Amino acid sequence: MKMKQVAFLFLIFLASQTVHSWKKDEFRACDQTPFCKRARFRKPGACTLIAHDVSISDGDLTAKLIPKAPHDQDQDQIKPLTLSVSVYQNGIMRLKIDEDPSLDPPKKRFQVADVVISEFETKKLWLQSASTEKINGDDGGLSSVVYLSDGYEAVLRHDPFEVYVREKAGNRRVVSLNSHGLFDFEQLRVKKEDEDWEERFRGHTDTRPYGPQSISFDVSFYGSDFVYGIPEHATSFALKPTRGPGVEESEPYRLFNLDVFEYLHESPFGIYGSIPFMVSHGKSGQSSGFFWLNAAEMQIDVLAKGWDAEGGILMPTEQSRIDTFWMSEAGIVDTFFFVGPGPKDVVKQYVSVTGLPAMPQLFSTGYHQCRWNYRDEEDVENVDSKFDEHDIPYDVLWLDIEHTDGKRYFTWDKMLFPHPEEMQRKLAAKGRHMVTIVDPHIKRDESFHLHKDASQRGYYVKDATGKDYDGWCWPGSSSYPDMLNPEIRSWWAEKFSYDNYVGSTPSLYIWNDMNEPSVFNGPEVTMPRDALHLGGVEHRELHNAYGYYFHMATAEGLLKRGDGKDRPFVLSRAFFAGSQRYGAVWTGDNSADWDHLRVSVPMVLTLGLTGMTFSGADVGGFFGNPEPELLVRWYQLGAYYPFFRGHAHHDTKRREPWLFGERNTALMRDAIRIRYTLLPYFYTLFREANVSGVPVVRPLWMEFPSDEVAFINDEAFMVGNSLLVQGIYTARAKHASVYLPGKESWYDLRTGTAYKGGKVHKLEVSEESIPAFQRAGTIVPRKDRFRRSSTQMLHDPYTLVIALNSSQAAEGELYVDDGKSYDFKHGAYIHRRFVFSNGHLTSSPVGNSRFSSDCIIERVILLGYTPGAKTALVEPGNQKTEIELGPLRFGGQHAAVAVTIRKPGVRVAEDWKIKIL
Amino acid sequence: MRVYSIFILFFIASFLPSSSSSSSSKHHFLGISPQDENYYKSSSDTISCKDGSKKFSKSQFNDDFCDCLDGTDEPGTSACPTAKFYCKNAGHIPQFLFSSRVNDGICDCCDGSDEYDGQVKCPNTCWEAGKVARDRLIKKIATYKEGAALRKLEVEKAKVAIAKEEAELTLLKNEEKVLKVRVRELKEHKELIEKEEEKVRLQKEMEEKGKREAEEDLKEKRKADKEGEVEHEKVEEEASTENQPTESTHDDIIGNVEDSSSKEVSLHASENTHESASPTTEDVSSVATEIADDAGSKMSPDVDKKENEVSSDVSEGMSREELGRIVASRWTGESTKNQGGNKDHADDSHEETPKNTHDEQYDHHATDTGVDTGKDDNEKYDYEIDDEQDESYEEESHDDMSSYNYDDEPDLSDTTSSYNSSWLEKIQQKARNILKAFNLFQTPVNLTEAATVRKEYVDSSTKLSKIQSRISKLKEKLKHDFGPEKEFYVFHGHCFETNQNKLRTSHCNSFVLLSLALKYRLRNISICFAFNNLDFWLQVCLQSVSVQTSFSRGGLHINQFGVGVLQNWDKFEESYRMMVFSNGENCWNGPDRSMKVKLRCGLKNEITDVDEPSRCEYVAVLSTPAVCLEDKLKELQHKLDLMNKEQPREHDEL
């Protein structure tokens, strides 16, 4: 019996081992990808192109790139390339290199459309002239220099060609391209008879009718110690080198949107989304950025110091530097250089190109409850009522693919969900919302109106032969609308109207999954690269942006549905540069283990850094069953993700927060409630992101740019500029080492205990919470009433938590609007700045706002304030109010430790002053 | 500010001496339960927080600011998260609300008292709601009354029956002793006779072969060796015929498993059946169980593994569709076997119902579960049931393989039910007669007498094995937990059926259960459910019976066919309100199968609901009088009394 069990367990173990592993073989490694393999073999200095005919035209600095020795055998086919350097406000340089259209290339190379926002062009600075100079160290070569912004210049060196931006003062370089001569541009050409352009991978054949067309080049970041960005990878926040001394063997960071089953928690491999934007940061406290607008498969090497030791080009050595190597299968060079100099400046510069993050609806910043799948209306009702029974707030209940009639999106399973409208109304009566899933694969079923319509109109992506592409996904045989086409996006958007989406109500929002796109029987579980889009664009050229266009079309659909008045909420799995304009993303199908909990932080930080601030990981882990402790820790951490959703695979056990005993229920309730008390703060941060691009959740060095210890810290993160949070990533943790940056103190969110900044603190850890601190000198607005959902908090009073710095001062902000419409764009908001100094707390307006609210401040908590004062005077009105000791938090047994101004009763919408007497 | 004036009004009102008498509760404080009214009526200026942490002034009472961590000072507002708001709900049941519900814009109390800040107007619906609740309660009480009576009867019956069975057990044990002696004696005699017979035969042979004396010396020795063997063989033959009933059962099981080697095993095992049948049976059954287990449990992981190997193989040889299915199956955890290319969901799934898979791998279960929701499958289940018993009660259950039966099963009736003491005497008498008539040392052997002895021996040992079987059955049965008052005894060995047309679903399916046939025999030993569905056929049978599913994921036509065995009924939980079956076979990429059966008071024993809230975790609701407790009845009646007390006055007000 024993033996049998052991044997059986072993079998299960074996089975699970094979099941629970990333199918490495199914995905192409760099050396299986001809363009990548080839590019990686290139030696520094291999590029012999020089800039010719340098001139100013149409406000740009332009040139032709030609081989230095035009009669070289190998370079027979090289035609001149066009190069243009444009300059934009706020320190942005754009460099484009493409084939010369006047030389009649076989095909126009794809330039990604609809990512750069139209406002960006209005910020272009028209160059009038370039100066030419000989730069020290260059052996006689000339460079053309143009103005970039105050203190910065853009430089084009002619021979060999190199482009960079530099600080005027001291000629210090910031970011450069082709400094190592690795630039390569495979031009389109006519196939020779003996050539075989086809590529085969695991039974799939890519016809490659246009042959090789890849581009690669090196980019260097000066004054940098680390580079960050280029999501999406499950890996550390500071990008580890992938080539060079000390790197054993590594794939480059791959940007190729893929639906990877059970992705690894530490791998440079490409997953669901791609943003080819990299940020560097260094000891100087300065950052710079580089963005390549290209939607084809990209591979990026981060090169370890000394990689070019042998036979490289000598580079200025006085600056620390990070070199990177960028390779793409197709497209053009359309790159943006951001000069910074602060980390927030780089992010602002980036979003000025790709757009600001959308302002989310207030409800979507609360907690979301999801599972594959809540099976039927009864199940939905049950789960909903259990939240009430346990007094746990939540805002949104989600339905996965099984709610549909046979995976036909926009339909309902008639047996399971016979009354979708009534179901949504019941939720809406409690102020809650619902989200249903709509994926891009459309079931090839003649009786399905959507399919019939799409196929009759010719709206599907075509295969290499020109027929509707037929791939396999949840519904079985499926086709995919060609979202590159604006007409098709508009057609798609119409499908979300209440008339078209039968059973939808105004409280229903949308989830876009599988939009990489995922194709179960396609190469690497996606669409073949030779599939065809609008205007003969090959899928290879826009692959990474397919999900972006789909997300865009869906968000536009929700916008249309609400007559442009209701802010859309659309969660997408795939994303590209610019996706921040359309909604939220999450980190896909993670696993219920500690490593995945841990890696969720650098993943979310990276997304925030690259514009996608509204993001989060599935709380609890999608695959597998989390131990209750892991689940609790995940809730405690997830409460600080910008997007906070619990989700689970259908094979997992139910894991709603009340299923693990009273103690764990209480812990998860507390974690979720912390999020709800902080919603005013979060919403203010979302607004900050919406106007500046500065993410809700930030790396420590974004707030403390000169603090070197913070550069590689990705266990902790900042929520806004006021809170620091560190997850607990191990089981049964008793202690945690938390680094608190800066010179000022930090106050424990739970106890109010003060800790010195600039130090690693070894703290005791209890199961009750993860370490979280408020930075001295900040004011955080809260709402301390607990409700069923954010909707009922509308009229609740505020609490202000003031953490005083060493000079007994602090400041903070509060942003309030109606939480759902666009009226805020016309001034319908409240934006207050609170300043505490000299024992006075004042509220003054930011901007010109006109929005009313009957909300008052019910409590002001002062941390770091010497007790003693008994009363405060509230102006206007000159009313006296009491000061006493009160708890820092509610909801449990929390000691009265904090100096509390009781019931000042002032309105948030008005100017006022509270003087401590 | 309006909020405050309301508070003040309430406050003033509540502290007026005239209004504080509990009977005129119309003016009691907001959100305060009657028990707490006195607590706040302190004459001093300050009131203590109940947790003793602090004191608050009367002006701080219900002033919409939380002073006490335990919420003592704010029963009527949302200021303290831990506070509870009491709604009187005259005409219905009073209720405590979380403070999070106060003035949140949603009417929670039927009297609307939780919403007083003017954001929303809540009508008083207590009378209507109360009437509905009262009617429901009255009905429930009626059920409980009747159920409790039924329960009493059953408890009485159970007590009698158990006493009877205990008596029977004692008796049988005595008989077993006697019979054992008898059988041994008969056996010895039989062997003596046989020795004699053999001698006679040998002598005859020797005479016949006397002529070939030349070879004699050499061959004589060999013959002597052979004799032993021959004798041995004979005994074996006899033994196997003696154990006929046992054997046939074995054959069935082995047949199910379709493993010829196991047949050999069982034959081999029976060779040792000299002394008693029990150890043999134990061996066989455990072997059989093992085989059955292997067949059942090892299969699925193997299959899964294979599948994975396939999918990680280079996919060249695969059609696009197959590849799509296989990749999809990673997320869904479903087998990609037996998929038709049909586009119509309903059609192909119909064709793909488990049949094929049954044939391929799960014959064992297929024979059991086929389409047989009828009565004759009881026996079939019995085999599996016995496997199960052997596993979980290895020490006790020895020979129950031979024939597992219900109490009233006919073929035991001659040995047990209609048994009386004279029967034993008869046997003894008969044996004595035989012995008397048969002179052991008499030569030549009287052949007819020898046959009689043999027959008696066979008969007696058969009886013995039956008795032993019955004993172990009884032991087994009496060992069970029949509840604190043996109220669950009534289920033992009974089978109830119910058919439902309720639409039910599984989490990953859009299928419909067309009919739901439920069968269960509690404790003894299976609860069987048969779900029939267009593209889904699930049979859940507890305790050694199987779970078989065939999922069709909507249009994807991926079918999974998994056989699971729910091995143990673990225990009752929640003071006998729930039965928990666990340690079922592991689901692919999921948990071990398990089932909870919730017991609800009802007049009939029937399954009223079946569900699969999580993958391979089933929940059923069984209504039964066995849980219609008197205490609960009293509680309900008390509740009704309370409601009735509130009711008329409130009605007048309306």
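These exercises, each with a worked solution, go through parts of a predicted model.

**Exercise 1. Classify the ring pair Phe363(A) and Phe569(A), and say which parts of the chain it ties together.**

Solution.
- Start with the rule. A pair of aromatic rings is described by the distance of the centres and the angle of the planes.
- Take the distance. The two ring centres are 6.2 Å apart, and pairing requires centres within 6.5 Å.
- Take the angle. The planes stand at 65 degrees, so the pair is edge-to-face; the cut-off for that class is over 60.
- Now place the rings. Phe363(A) is in the loop between helix H4 (343-354) and strand E22 (367-369) of chain A. Phe569(A) is in the loop between helix H10 (546-561) and strand E31 (570-572) of chain A.
- Conclude. The pair links parts 206 residues apart in sequence.
- Check the surroundings. Phe363(A) and Phe569(A) are both buried.

**Exercise 2. Describe the pair Tyr548(A) and Tyr549(A), and decide whether each residue is buried or exposed.**

Solution.
- Geometry comes first. The centres lie 5.3 Å apart, with 65 degrees between the planes. This aromatic pair is edge-to-face.
- Accessibility comes next. Tyr548(A) has a relative accessible area of 0%. Tyr549(A) also has 0%.
- Apply the cut-off. Buried means under 20%, so Tyr548(A) is buried and Tyr549(A) is buried.

**Exercise 3. Find the aromatic cluster that holds Phe363(A), and the charged ends that sit over rings of Tyr509(A) and Trp398(A).**

Solution.
- List the members. One cluster is formed by Phe363(A), Trp398(A), Tyr509(A), Trp511(A), Phe569(A), Trp586(A), Phe614(A), Phe643(A) and Phe686(A).
- Look over Tyr509(A). The charged end of Arg561(A) sits over its ring, 5.1 Å from the centre.
- Look over Trp398(A). Here the charged end belongs to Arg645(A), and the distance to the ring centre is 4.7 Å.
- Add the total. Over all chains, the count of aromatic pairs is 66.

**Exercise 4. Work out the surroundings of strand E24 (residues 433-437) of chain A.**

Solution.
- Count the buried residues. Five of the five residues in E24(A) are buried.
- Recall the pattern. In a regular strand the side chains alternate between the two faces of the sheet.
- Sort by face. His433(A), Val435(A) and Ile437(A) lie on one side of E24(A), and Met434(A) and Thr436(A) on the other. Both faces are covered.
- Find one partner. Strand E23 (residues 396-399) of chain A pairs with E24(A) in the parallel sense over four bridges. Leu397(A) has Met434(A) as its bridge partner.
- Find another partner. E24(A) also runs parallel to strand E28 (residues 508-512) of chain A, joined by four bridges. Thr436(A) is bridged to Ile510(A).
- Add the helix. E23(A), helix H6 (residues 420-429) of chain A and E24(A) make a right-handed β-α-β unit.

**Exercise 5. Name the edge strands of the open sheet of six strands in chain A, and the helix packed on the sheet.**

Solution.
- Write the order. The sheet runs E36-E37-E38-E43-E40-E41, with antiparallel pairing.
- Pick the edges. Strands E36 (697-698) and E41 (754-755) of chain A each have a single partner strand, so one side of each has no neighbour in the sheet.
- Check one edge. E36(A) pairs with strand E37 (residues 716-719) of chain A over two bridges. Val697(A) is the bridge partner of Val719(A).
- Place the helix. Helix H14 (residues 679-692) of chain A touches E36, E37 and strand E38 (723-726). Its direction makes about 85 degrees with that of E37(A).

How values were computed. Residues numbered from 1 in each chain as written. Chains lettered and ligands numbered in written order. Predicted model: local features only at pLDDT ≥ 70, side-chain atom pairs only at ≥ 80, totals over all residues. Heavy atoms only, no water. Phe/Tyr/Trp six-rings, centres within 6.5 Å; stacked < 30°, edge-to-face > 60°. Buried < 20%, exposed > 50% of the residue type's maximum accessible area, 1.4 Å probe, protein only. Lys NZ or Arg CZ within 6 Å of the ring centre and 35° of its normal. Pairing = 2+ DSSP bridges. Contact = heavy atoms within 4.5 Å. Axes fitted to C-alpha atoms, helices over the stretch in contact; angles between N-to-C directions. Right-handed = clockwise from strand over helix to strand, strands pointing away.
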